[in-house]
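Q: Got a model I'd like to go through with you. Can we start with the empty space inside and then move to the interfaces?

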Amino acid sequence: MTTLTNTIEERRKTFFKRFNWQYFLQDNLTGSRWLTIWVAFITLVTVGVFVGQLGSAPGWTLILTAVWAVGILMVVAGELFGLHTSFSRWLKDNLLSSISNTLVTLLIILLVAQVVSGIWQWGYVTATFDSTRTAPDLRSEGATWGVLWGARKLILTGTLAPEHTWRVILTGAMVFVLWLISFIATRPTVKTSMGYLQRISITLWLLAPIASYIFLAGLEYHEPFINIRTLLTGLVIVVAFMALLWFFKVIKLDPVSIGLWVAAWPIGYVIWQLIARTGIFPTINVDEWGGLLLTVIFAIFVNILSFPLGILLALGRRADVQGIPVWIVWPIALIATVYLLSTSTPELWTTSRNNVERALALWPLLIPIAAYFYQRSFQGNMVQAFSVLFIELIRGVPLITLLFMAIVMAPFFTASGSAIKNFWAVIVGYTIFSAAYMAELVRGGLQAIPKGQYEAADSLGFNVLQKYRFIILPQALRILIPPLAGSVIGTFKSSSLVALVGMFDLVGIVRGIIGNGQWLGLRSELYAFLFVLYFVVSSGVSWYSRRLEKRMGLGTR
Amino acid sequence: MAMMQGPSVSNVEDIVVCRNVHKWYGEFEALKGVDLDVKTGEVIVILGPSGSGKSTFIRCLNRLEEHQEGRIIIDGIELTHDLRNINEIRREVGMVFQQFNLFPHLTVMENITLAPIHVRKWSRERAEELAMQWLTRVGIPEQAEKYPGQLSGGQQQRVAIARTLTMQPRILLFDEPTSALDPEMIKEVLDVMRDLARGGYTILAVTHEMGFAREVADRVIFFDAGQIVETNHPSEFFTNPKEERTKLFLNQILHH
Amino acid sequence: MGQISATPSPPTSNSLISRIASYIFDVRFLGVLGQIAFIIVLILGARTLFSNFAGNAAKLGEAQFICRDGTFSYRCAYDFMENEAGFDISDAPLDYTNTDSYWWAFYNGVLNTFRVGLLAVVATTILGTLAGIARLSENWLVAKIALAYVEIIRNTPILIQLLLIYFSIILALPDIKEAIQPLGLPIFLSNRGLNLPWPLFMSSASTWIAFLILGAIQFQVLWILLGKREEITGHKSNRVVWGIVGFVLIALVGWFVSSSVADNEGLLVAKGSRIRDIGDIEKVMLSRAGVNHIDEFSALSEEQLAEVALKICVLRDSPSESNFTNKLRALNIPYDVDRAGSPDRATADFVDGKCEVFAAPKSILAAELATLENPGSNLIVPIQETPIVWHIPHFEGFNVLGGYTMTGEFFALFVGLTIFYGGGLAEVVRAGILSVSKGQTEAARALGLSEGQRLQLIVLPQALRVIIPPLISTYLSLMKDTSLGLAVAFPEMYLISQTLLNQSGRALQIMIIIMLVYLMISLTFSVILNWYNSRVVFVER
């Protein structure tokens, strides 16, 4: 016992030999004016918060403060007697490294405790979980979580008729099975022993959108069973597409693949008609989709559609095709200007009612200005000009205006008499928006590819399509995995905005539920639920993408 | 290393003919009228200070850069804006870059066979067989299934040479092939180049390797300020240069 | 070199067909051909859309292009904007009533967009910088909290954040009657929003600002002089402190000078009221209430107080009101305010006896006095003013008046945008700080630069180069997302245009205007960004 006290006494003495009050004060208090002010300020705030919370919740405040004090004691003891444990050392380095840090730690502990206890009180202690007790007069002081169970059908599938629910479940099950297959197929052991499995899983994934469409939107049967015209039209399209790819030397022609491609369409057509005739999947009005189902459909649909469109726009923006030369552009622009000035302007001028309209009557003068900028910025390259204008115009306006425009303006621009469903209008508007952003991401990826890669491809004699197909795009897309994952999450999150143009996605349906008598005004519960749901899905996707990136990275280098 | 089988000898005497080739970058004139004839099987080393236009010149020969005036005729085909001619000439002319420019997402084998399969339309087997031959000849057959990132600089450059040669070009352009290499790796690449030079290929090489020039070049060309200043036999060139500008240049690099 | 052989014979045969072929396969020709094909496709597409539009417009939307005389013309597309709006705007920045035109309503919406957007830009910058620095804090808790903030905000939709902030936080705040007053300050936080004290400039403020400019010049001169002295004598002096002391001194002197010199504010009173200066008001009030000391007013009942309260007339939203009522409150004198829209109205109220005192700038009072029937029986009493008066929110009945009012909707949108984009900006700031390599810091230390100099000269310029481009795009996105005001019923441009559209049915016209305004905003930001980028590139050379 005496030896122990002796050693402690010794350590204490060596500590005080090392320790210098002057330095301690200088480091923590008087080092600079700002430090002093900062410490004084943080002391004031901490004391204020402490006193305030002591009044409202004395028990917890004292306990937390005591824990904090114990932490300080451990650090001081560690310093004084050299009794540092790894825990106390961690405390010292991370939470209690200086006077101001120590105070900040207490402040944050108290504030977090207050917020957490507030949420806890509301969400659990005083909350009811009974789905039958959600009416306004039966609610308790806290949250009424019963609404989540009570309105589960609306939240999940919106206004979709209950007899179709099994089709949604079927789609979900299909996706799960596909994911399972590809998960197994990418295991290292399986990858080597059963390489074909990966091919199968990719094929199945490519077919999945069609299957999902059949499940969720249904098929309408058209007489006769085999319509020769449809069959031939499809065949011609397939052959033309193949011929195009062959012409640009992207694919090679060999009998087996020709046979497969040509046979694919008739077989698919027959299967399609067969399923349609059984009537297992009667058509569903797409505007009936709602809730989580609609949100997920939007996210997936828009991401799949905007991806190729975005790549096209990005390539268009970078296209260095020979532009239309100056000696063609200027004469045409000048002739058009003179012609329109002599035909359109006089009439507009004479009928104008005010100076604004008089100025507008001179609109043909804009043509030379446009021609000047067209030549100066794009060297007559129309593909580039179109892509740039399209991308920048779309990115310049908020998504919600585009969505609204799609819904409101669609009837103006479709062939007269054809009504367009809100769902499709929103898909179009959203896809255009998403593609413009995707295009900028892809452009970033393309810019990251060194110039030498393009030159090497050129010098080996690849044509433009081959160059992008085999060399540039594979590299660019690999670089793009993290930003693309970000974009997928972004699309998923922003899909909540469709609620503002009257779609019944998660947010839209929740707004409907809140207006419903039985669940009237249960906003906080439902919005909090959505908040958590979006958070879990988004962080899940970003976590998965990071994993994917790591794995792909390991495979190649 | 085995002597390499050169391409079949063409009956056109001058395989590369350049007449008064000009090239501008905006206001800056990079090539100020270059005239050059290269015979089949000739090995030419191009020297010159940096910025003298020597790289630009050989990049014009396979249309990585576009010349604006004058004529370039390769193996009887004039390099014009005609798409067919450009494609034809790119098949005849192979290029090896300073930075190797291997495709990092493909294995060595895929790097080499991609162009033969898709541009030359060979079967995969034929392409891989030839690729393997060339890999063996440049001394790294065992690296076929690796990715470029796993190879050393010298190995990468040898893969790039094999990739170029598998396309069976008649003319080889080297754009400073050893400048990006560590000193100990330069030799392995130069050995391959030397072997190719003796194997009957027509070669135009921009390089600072004087030893290589002395040993295998049929002619040495000295470029300065976008013009050919001197053309000479290597022994003459290094010992007894005709032009003052050349002497100055040689002084600077040899006594450094 | 050796002999140049004769010009080689052209490689391809010279037949007509091959020459034509070589033109056709010319890359330039093919390029132009492709361009023209692309243009034709574009024109065809545009034509289909336009013919559809023309057909549909004639059928569905003829009413959209009707002129005042009842004819149909596209030039009348925007005529409806001059019609009476007929709806109210809860939070109009300018003077707006529902009898104003659609244009005026829309303009108010645009101003609201800028008001909330620009304020949020400033707040986002502050929050984002703080959070970005907190991410790198050596305090584990601070860093983790900042990380949690960033992760949570970035992984949830801004729309749901806004809805939560508005419905679950702001609308859950206490009623205005029990408004939260932090630390007893005149700041009122309630479910109707936030009321803040706000400085108003009196007319004497110009004099004071002149003093401030003088102070700034003094600072600069002192800086240079002391710097020179430092160079010559090597005698170190604290230039910043002396400069600030001088500045504060001049500002204080200026404050008193401009307060005492200023003689712009006045009260219009009847001669019979016995008020000759502001001190007399207290005596008048005491005798009227029949008490001896002003403190005894607190003993009076509500009715009695209302009875004796001094009735004053002011112009609506005038600094004179705050200047005068602040003084009355300091004296504990109860008063009743009658806010008139114009000097005429106020004068009429004064003549009618609705108020005893009319407070306004002297020039207005003099003009009004001249219009009275018997100017001689009234007089103008000067009152003191300071360059700046605080417009202080206070209870008047069941409402809080005065100060700067942020409605709950504005507050929700402002806070929502700030929190969301602050999270994004935190990552930008963090990346910027991390981008300055450690070597730079060490090099700066080695040069013997002080900590402040190191930040100012080495770290900031380099970090800003990384930070500013994404910062500007963050601002742009923020400005666009003000359109989410729709979700919390804040009347910014998008919400107003929706109302306009519902009332007028002119979808196309309204979509075009709002798109144009948003594009103008985007264009402005991209011009700034391009200018910055080109400047940075230039500096790098």
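Q: How much space lies in the largest cavity?
A: About 50 Å³. This is a predicted model, where local features need pLDDT of at least 70, side-chain atom pairs count only at pLDDT 80 or more, and totals for chains, interfaces and linings use all residues. Residues are numbered from 1 along each chain as its sequence is written, chains are lettered from A and ligands numbered from 1 in the order in which they are written, and side-chain values use heavy atoms, with hydrogens and water left out.

Q: What counts as a cavity?
A: On a 1 Å grid over the protein atoms alone, it is a set of points where a 1.4 Å probe fits but cannot get out. Grid points are joined across faces, edges and corners, and the volume is the space filled by probe spheres set on the points.

Q: How many cavities of 30 Å³ or more by that rule?
A: Three.

Q: Which residues line the largest cavity?
A: From chain A, A:S459 and A:L460. From chain B, B:R90, B:R91, B:V93, B:G94, B:M95, B:T164, B:M167 and B:P169. Lining residues have an atom within 4 Å of a point.

Q: Which elements give two or more residues there?
A: Helix 2 (83–92) and strand 6 (93–96) of chain B. Strand 6 gives the most, with three residues. Helices (H or I, at least four residues) and strands (E, at least two) are DSSP runs, numbered from the N terminus.

Q: What's the lining like by class?
A: Five nonpolar, three polar and two charged residues. Ala, Val, Leu, Ile, Met, Phe, Trp, Tyr, Cys and Pro count as nonpolar, Asp, Glu, Lys and Arg as charged, and the others, Gly among them, as polar.

Q: And what volume has the second largest cavity?
A: About 40 Å³. A:S459 and A:L460 line this cavity too. Chain B adds B:M95, B:V96, B:F97, B:F100, B:A160, B:R163 and B:T164.

Q: Which element gives the most to that lining?
A: Helix 5 of chain B, with three residues. Helix 5 spans 153–166, and strand 6 also supplies at least two. The class split is six nonpolar, two polar and one charged.

Q: Interfaces now. How many residues of chain A are in contact with chain B?
A: 23, against 23 of chain B, with contact meaning heavy atoms within 4.5 Å. The two chains bury about 2,100 Å² between them, 60% of it on carbon and sulfur atoms. Buried area is the accessible area (1.4 Å probe) that two parts lose on being put together, summed over both.

Q: What is the salt bridge count between chain A and chain B?
A: One. A:E455 pairs with B:R59, the closest N and O atoms being 2.5 Å apart. The cut-off is a side-chain nitrogen of Lys or Arg within 4 Å of a carboxyl oxygen of Asp or Glu.

Q: What area is buried between chain C and chain A?
A: About 5,200 Å², with 71% from carbon and sulfur atoms. C:Q35, C:R75 and C:N155 lose the most area in chain C, together 13% of what that side buries. The contact involves 57 residues of chain C and 64 of chain A.

Q: Which side chains make the salt bridge there?
A: A:R353 and C:D79, at 2.9 Å, N to O. The count between these chains is one.

Q: Last topic, domains. Where are those of chain C?
A: Domain 1 is 102–156 + 406–536, domain 2 is 201–260 and domain 3 is 265–384. The bounds come from an automatic or database domain assignment. The C-alpha centres of domains 2 and 3 are 39 Å apart.

How values were computed: On a 1 Å grid over the protein atoms alone, a cavity is a set of points where a 1.4 Å probe fits but cannot get out, and a pocket is an open set with protein on both sides within 12 Å along at least five of seven lines; lining residues have an atom within 4 Å of a point.
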